[in-house]
Amino acid sequence: MRVIIIGGTGHIGTYLIPRLVEAGHSVVCVSRQHSIPYHKHPAWKSVEHVTIDRVKAEEAGNFSSQIVSLNGDIVIDLICFTAESARKLSEALNGKIKHFLHCGSMWVHGHSEQVPTTENQKRKPFGEYGIDKANIEAYLHSFHQESGFPVTILHPGHIVGPGWLPVNPAGNFNPEVFVRLAKGEVVQIPNLGMETVHHVHADDVAQAFVKSIENRDYAIGESFHVVSEQALTLRGFAEAMAEKFGQVANLQFLPWEIWEKTVSSTDKEFTWDHIVHSPCGSISKAKDLLGYQPQYSSLEAVQEAVAFYFDQEGIVI
């Protein structure tokens with residue numbers, strides 16, 4: 001089938017497009033510019049590239065019509081961030097495609113309540129990103145129920161892979177945390193380190209999109225979590241990373257009010273956002289209905305990304 005991917009040169013698309021090509025699909029990659037994917041793959045040679053600046057096109061009122069004109073059987077939207085954007089595109093595509101897949105976020109849940117969190121937990125999002133993603137999900141499900149629009153929504157956790165920095169054991173993106181763990185130096189962690197983060201390798205997210213297409217009858221009208229088998233506590237995460245480097249984690253736990261004063265405002269904001277959510281998602285539904293089976297644990301995904309970063313930066317421990 002002809003698959004249109006909006007935002008196909010990012011983290012997910014780097015792995016998704018080769019999977020789709022190898023599965024026999026004809027792929028059209030829509031992006032703001034003809035970017036080079038994170039990792040080279042022969043499959044990219046057969047991909048049709050279409051350059052569309054979504055923001056400008058939506059302002060001009062012709063983004064949806066441009067996507068429709070590509071005549072796809074399947075449309076995968078990896079970069080939709082408002083309900084209005086989702087509404088315009090889905091209404092334009094309704095009746096013209098066989099399957100529409102939207103990339104959501106575990107952030108739609110807000111705080112974790114019962115863990116692992118299942119897809120039917122009541123939505124109580126907070127923060128602009130989580131609220132917007134929850135509004136998109138609510139709209140798309142409502143539109144499906146009203147019109148039969150063939151939508152599937154996938155909610156990834158903390159996406160990670162070679163080429164971009166993973167959420168670290170302090171709950172932010174500062175790579176120095178990994179360097180300090182590798183050297184056996186003190187790493188300060190907020191509270192008792194029992195909050196959770198839930199990573200997923202970008203290739204496993206790509207796998208879930210392909211599985212959704214292959215199991216269309218079970219996927220349409222549904223939302224699925226796409227994460228690794230298990231979430232990590234910050235403490236356990238730090239200890240496991242240190243062990244990987246042949247070290248024993250030298251951790252210092254500080255009350256939030258003290259810890260927040262030891263880091264930059266950016267690190268503080270990212271850490272707070274991650275620990276206040278403390279995602280821990282169930283993948284039982286995706287396993288049962290889609291046959292989703294993550295190939296990476298959270299630790300394996302992070303370790304691969306960190307090894308790549310150390311190699312790129314010439315960091316020798």
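Biologist: Which backbone nitrogen does the side chain of H198 reach, and at what distance?

Modeller: In this predicted model, the side chain of H198 reaches the backbone nitrogen of A231 at 3.4 Å. A second backbone nitrogen, that of G281, lies 3.0 Å from a polar atom of the H198 side chain.

Biologist: Where is H198, and is H198 buried or exposed?

Modeller: H198 is found in the loop between β9 (196–197) and β10 (199–201). Burial is read from relative accessible area, with under 20% taken as buried. H198 has 1% relative accessibility, so this residue counts as buried.

Biologist: Which residues is H198 in contact with, leaving aside its neighbours within four places in sequence?

Modeller: The contacts of H198 include G157, H158, V227, S228, E229 and Q230. A231, P279, C280, G281 and S298 are also in contact with H198. A231 and G281 are thus the residues whose backbone nitrogens were named above.

Biologist: Let us turn to the sheet. What is the order of its strands?

Modeller: Strands of a sheet pair through backbone hydrogen bonds, either parallel or antiparallel. Here an open sheet of 7 strands runs in the order β3-β2-β1-β4-β5-β6-β11, and the pairing is parallel. β3 (48–51) and β11 (222–226) stand at the edges; each has a single partner strand, so one side of each is left without a neighbour in the sheet. From one strand to the next, the twist averages 20 degrees.

Biologist: Over how many bridges do β1 and β2 pair?

Modeller: Strand β1 (residues 2–6) pairs with strand β2 (residues 26–31) over 5 bridges, in the parallel sense. To find one of them by eye, start at V3, whose bridge partner in β2 is V27.

Biologist: Which strands does helix α7 lie across?

Modeller: Helix α7 (residues 202–214) lies across β4 (74–77), β5, β6 (151–156) and β11. To read its direction, compare the N-to-C directions of the two axes. Helix α7 runs at about 155 degrees to β5.

Biologist: What can be said of C103 in β5, and is C103 buried or exposed?

Modeller: C103 has its place in strand β5, and at 7% relative accessibility C103 counts as buried. Leaving aside neighbours within four places in sequence, C103 is in contact with I12, D77, L78, K133, L154, P156 and F209. For a sense of distance, C103 and K45 are 58 residues apart in sequence and 25 Å apart in space, C-alpha to C-alpha.

Biologist: Now helix α4. Which of its residues are buried?

Modeller: The buried residues of α4 are S85, A86, L89, S90 and L93. They cover an arc of only 115 degrees around the axis, so they are on the same side of α4. These buried residues pack against β1, α2 (54–60), α3 (63–68), β4, β5 and α5. Just after α4, G95 takes a positive phi of about 85 degrees.

Biologist: How many salt bridges are there in the whole structure, and which partners does R87 have?

Modeller: A search of the whole structure finds 14 salt bridges. One of them joins the side chains of R87 and E84, at 2.6 Å from N to O. Another joins R87 to E91, with the closest N and O atoms 3.0 Å apart.

Biologist: Why can these residues be looked for about one helical turn from each other?

Modeller: R87 and E84 are 3 residues apart in helix α4 (residues 83–93), so they are separated by about one helical turn. E91 and R87 are 4 residues apart in α4, which again means a separation of about one helical turn. R87 is partly exposed, with a relative accessible area of 26%. E84 is partly exposed at 38%, and E91 is partly exposed at 40%.

Biologist: Which salt bridge lies in the loop between β5 and α5?

Modeller: K124 forms a salt bridge with E113, the closest N and O atoms being 3.3 Å apart. Both residues sit in the loop between β5 (99–103) and α5 (128–147), and they are 11 residues apart. K124 counts as partly exposed at 45% relative accessibility, and E113 counts as partly exposed at 45%.

Biologist: Which residues are joined into one network?

Modeller: Salt bridges that share partners join E84, R87, K88 and E91 into one network.

Notes
Residues numbered from 1 in each chain as written. Predicted model: local features only at pLDDT ≥ 70, side-chain atom pairs only at ≥ 80, totals over all residues. Heavy atoms only, no water. Salt bridge = Lys/Arg side-chain N within 4 Å of Asp/Glu carboxyl O. Helix = DSSP H or I, 4+ residues; strand = E, 2+ residues; numbered from the N terminus. Buried < 20%, exposed > 50% of the residue type's maximum accessible area, 1.4 Å probe, protein only. Polar contact = N/O pair within 3.5 Å; in protein donor to acceptor, adjacent residues only side chain to side chain. Contact = heavy atoms within 4.5 Å. Pairing = 2+ DSSP bridges. Axes fitted to C-alpha atoms, helices over the stretch in contact; angles between N-to-C directions. Arc of directions from axis to C-beta.
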